[in-house]
Amino acid sequence: MKVLQKGLLLVFKTLMLKNLVFKKLMLCGGIGLASLTVLFSSVCSSYTVDSSIESANIELSGEIKQGGLIVGKTSAENKVTLNNKPLVVSNKGDYVFGFSRDDKTSYSLVITQLDGSQVTRTLIPTKRDYKLQRIEGIKKSIMQPNPKAVARSQQDSKQIKTARKISSKITSFAKGFIPPIKGTITGVYGSQRIYNGVPKRPHFGLDYAGNIGDPVKAPASGKVLLWVPDMFYSGGTMIIDHGQGVSSTFLHLSHSFVKQGDSVKQGDVVASVGNSGRVTGPHLDWRINWFDVKIDPELVLKINTVK
């Protein structure tokens, strides 16, 4: 009897959510088991009770806007695609994707269950306006670095790109992020500087003011993919893998307390603020990537855990 009641209540709940025979059910406040059984029989021809009903829902956390990182949750056996591109789904049903700075694409997020049924949601990232800063009087040596410096920076870039291609089974990205340092934010994602009238690449990080030696904490748990103390532009550079292509990059560091391959927990002190590389003063530049997609760290800090 209890099993039957549980099944009938599941149908009752689902019908309310779907707006099917809603009024009829609402009018039956004192409906008995026998009446519910009749009602159950009358709708079974059009609806099948399925233990995976809730797994079909698309549960997301994160802002659907340019620069946003989106964390999703589904049943582990489901398949998830974004514009026909398969996304990795963890053994707990976690998956993730993101939008670039100027992304204007209309995305189709599709979850396919074992029985072949699908749930689809269309996602269009909201357009954002970014800050522009015009600076004149920049030295020629900075605007046009020598060939040796260019070659070194290209080597650095290759190492960073290689690290960001890694897709691990870590799922720390799904457990939320904390700021890596307590400091005033002095630079934001997406802003762009125009030096001597020449537009430069947008800034893709979040800059925190700090003093040399200030502790830098892991914003989420993960594994250290890269530590190079002297990159040409970014100086002391560290990359931490948070799983499925999501990574944190710290620039201009003065010291590292971890090495490549080390596992770290959220809140662990992993490095120190510095002024290495091409900077005007000590600060931390924190960046988030989903593979080669550059994400806004401020939006990442707003993500809640999807249960």
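These exercises, each with a worked solution, concern a predicted model.

**Exercise 1. Length of helix α5**

Compare the end-to-end distance of helix α5 (residues 147-164) with the span expected from its number of residues.

Solution. Step one: α5 has 18 residues. Step two: the expected span is 1.5 Å times one less than the number of residues, which gives 26 Å for α5. Step three: the C-alpha atoms at the two ends of α5 are 26 Å apart, so the two values agree.

**Exercise 2. The two faces of α5**

Find which residues of α5 are buried, which exposed residues lie on the face turned away from them, and what the buried residues pack against.

Solution. Step one: Ala 149, Ser 153, Asp 156, Ile 160, Ala 163 and Arg 164 are the buried residues of α5. Step two: these residues are on the same side of α5, because the arc they cover around the axis is only 95 degrees. Step three: a general rule helps here. An α-helix has 3.6 residues a turn, so residues three or four places apart point the same way. Step four: Pro 147, Lys 148, Gln 154, Lys 158 and Lys 161 are exposed, on the face of α5 turned away from the buried side. Step five: the partners in packing for the buried residues are the strands β14 (222-231), β15 (235-243), β16 (246-256) and β19 (283-290).

**Exercise 3. The start of α5**

Which backbone nitrogen does a side-chain oxygen of Asn 146 reach at the start of α5?

Solution. The backbone nitrogen belongs to Lys 148, and the side-chain oxygen of Asn 146 comes to within 3.0 Å of it.

**Exercise 4. Two serines in loops**

Decide whether Ser 90 and Ser 234 are buried or exposed, and list their contacts beyond four places in sequence.

Solution. Step one: Ser 90 is in the loop between β4 (85-87) and β5 (94-98), while Ser 234 is in the loop between β14 and β15. Step two: buried means under 20% relative accessible area. Ser 90 has 8% relative accessibility, so Ser 90 counts as buried. Ser 234 has 10%, so Ser 234 counts as buried. Step three: beyond four places in sequence, Ser 90 is in contact with Ala 76, Thr 171 and Gln 244. With the same exclusion, Ser 234 touches Leu 251, His 252, Ser 276 and Gly 277.

**Exercise 5. Rings and charges**

Which residues form an aromatic cluster, and which ring does the charged end of Arg 278 sit over?

Solution. Step one: the cluster consists of Phe 97, Phe 99 and Tyr 107. Step two: the charged end of Arg 278 sits over the ring of Phe 232, 3.9 Å from the ring centre.

Methods
Residues numbered from 1 in each chain as written. Predicted model: local features only at pLDDT ≥ 70, side-chain atom pairs only at ≥ 80, totals over all residues. Heavy atoms only, no water. Phe/Tyr/Trp six-rings, centres within 6.5 Å; stacked < 30°, edge-to-face > 60°. Lys NZ or Arg CZ within 6 Å of the ring centre and 35° of its normal. Helix = DSSP H or I, 4+ residues; strand = E, 2+ residues; numbered from the N terminus. Buried < 20%, exposed > 50% of the residue type's maximum accessible area, 1.4 Å probe, protein only. Arc of directions from axis to C-beta. Contact = heavy atoms within 4.5 Å. Polar contact = N/O pair within 3.5 Å; in protein donor to acceptor, adjacent residues only side chain to side chain.
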